[in-house]
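I opened this notebook to look up aromatic ring contacts. The entries follow in the order in which I made them.

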Amino acid sequence: MTQPNVTLRGPDVPNTPGSLDPVFTVEDLSVFYGDYEAVRNVDMMIGRREITAMIGPSGCGKSTVLRCFNRMNDLIPGAHIKGKILYHEEDLYGDHVDPIEVRRRIGMVFQKPNPFPKPIYDNVAYGPRVNGIKKNMDSIVEEALQKAALWDEVKDKLKQNALSLSGGQQQRLCIARAIAVKPEVILMDEPCSALDPIATTKIEDLMQELRQEYTILIVTHNMQQAARVSDRTAFFTADVDDAGVRHGRLVEFDQTTRIFTKPSDKRTEDYITGRFG
Amino acid sequence: MAILSTPRSQVDLVGKGRPLREHLFRIALLSSLAIALIFLALLLAYTLTEGWPRLDSRLWENFPSVRRPETAGVLSGITGTLWIIGLTALMALPTGVLAAIYLEEYADNTRWYNRLIELNIANLAAVPSIVYGILGLGIIARWLDFGFTVMTGAVTISLLVLPIVIISAREAIRAVPPSIREGSLALGATQWQTIYRQVLPASIPGIATGSILALSRAIGEAAPFLMLGAATLVRFNPDGVWSSFTVLPLQIYNLISQSREEFHILAAAAIVVLLAILLLMNSLAIWLRNRYQKRW
């Protein structure tokens, strides 16, 4: 089998998407902003301790879908979903579900690093603190910063304002901040798009480390990044319906190796070979 | 060596002279600014020279008198103003900030009633202060029977500055980037935790600045107090919120209305005191703004 000259991960990933150990099961998910259906009929599964990448052209709804997993879309007035997202067989959008509880288990890292204008220490301690944890804060902070590969760079300046860090460091701080709450899943919304290549490499290496413990979903514009880091890839695109309205759609969801070597859909092939998007 | 495709002799970067209009426009801008500044300076200079002979401790150590201008002062006006402003700050600031938090963080502005509220706050900020005086007189002094006391004055002035406090607090809260709120909520913080621990600390410098400016506007108000019928010849300091009182602008108004020249000098000196309090508060606002300015 001829391989393209990108490093592909995941020889240990089972061959069929059905055989993964699902953390999330997305069933016929549609996302609405008011009356506008932004994303239509998405079905996918997110495997435990895997990295799932979501790629596609701008406006295809990949970030919208990502924000459904921790119910961040709830913050937008008028946003609602149809279909189901099961988190360990629990309906994330069930009546009794508290979005706050959801977000404690499913962390998120944003496109632009958004540390709080506070000391580095307080940034990491913030999550545990709002969740009512008071004991052993020092060790929680140190552990999170270690895991985010930032400890050595900041251990002597924990009291400094987080905004004094470089962009790449700020993003790793945001990852540390998410880890400190001990989530099971980390959602990453284009985490490297505001970073230079060296900082990007660091975050990608870090994702490989985090994969040992966490389930990661990453939205990225960078196909090489998806190919480098992810086990599975979901390719989204936007269709224009008869009325001229754009709707995001999941075109193909498969192991990353397959998506990048023998995609089953023509549109995926066109996108990854750079013929469109 | 032909590095430049254009022959060297043809490269001409010497300016052709900017069009006259550019200069005229600049001059127009500068003169507009100059008008404002020159008149302010003139006003200050005039008041200062006018009031200079009486700008001494007699002014802030004595109570007003209509008989002896040489020993008359405005002590009760100064203390009355401070009482009113202090009490107003206590009442209007928390209320205004909480209202602003509701409007910015909770209100769904696609709802018609929230938009109606917003529109009306902007309208309220434009209502003339004398109207608040009528309101204070009719409702607070008479109907609620608070009488002509510090409390009545402070409640009236609180209502007057409340819309301004709300508007400036909203601006300050809106200036906190949404990414900070998202970051906090994504960590499992509740909405209140996010507001209390992130949004408010980040917006406090802006809120403080706006509030101080709103209060300094209130310091200069005479109209509502005229309506409230606050006495001018108060020969004691307020000893509580139910005490009668007077304020500096009212004293100044009263002094100017006297026929004897000595009282006019006294009025000018009292204006200087009022301006000094105002400048002090405004500098505090500027200091706060610069000291706690946020970089994102």
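The entries below concern aromatic pairs and charges over rings.

I note that this is a predicted model, in which local features need pLDDT of at least 70, side-chain atom pairs count only at pLDDT 80 or more, and totals for chains, interfaces and linings use all residues. Residues are numbered from 1 along each chain as its sequence is written, chains are lettered from A and ligands numbered from 1 in the order in which they are written, and side-chain values use heavy atoms, without hydrogens and water.

**Pairs.** I took rings of Phe, Tyr and Trp (its six-membered ring) as paired if their centres lie within 6.5 Å, with planes under 30 degrees apart called stacked, over 60 edge-to-face and the rest tilted. Over all chains I found eight aromatic pairs. One of them joins Trp112(B) and Tyr113(B), edge-to-face, at 5.7 Å centre to centre and 80° between the planes.

I next looked up Phe146(B) and Trp242(B): their planes stand at 90° with ring centres 5.2 Å apart, so this pair is edge-to-face. The two residues are 96 residues apart, Phe146(B) in the loop between α5 (129-143) and α6 (150-174) of chain B and Trp242(B) in the loop between α9 (223-228) and α10 (248-257); helices here are DSSP runs (H or I, at least four residues), numbered from the N terminus.

**Cluster.** In chain A, I recorded one aromatic cluster of Phe24(A), Phe69(A) and Tyr87(A).

**Charges.** I counted a charge over a ring if NZ of Lys or CZ of Arg is within 6 Å of the ring centre and within 35 degrees of the ring normal. Arg71(A) lies over the face of Tyr93(A), 4.6 Å from the ring centre. Arg177(A) has its charged end over the ring of Phe116(A), at 4.2 Å from the centre.
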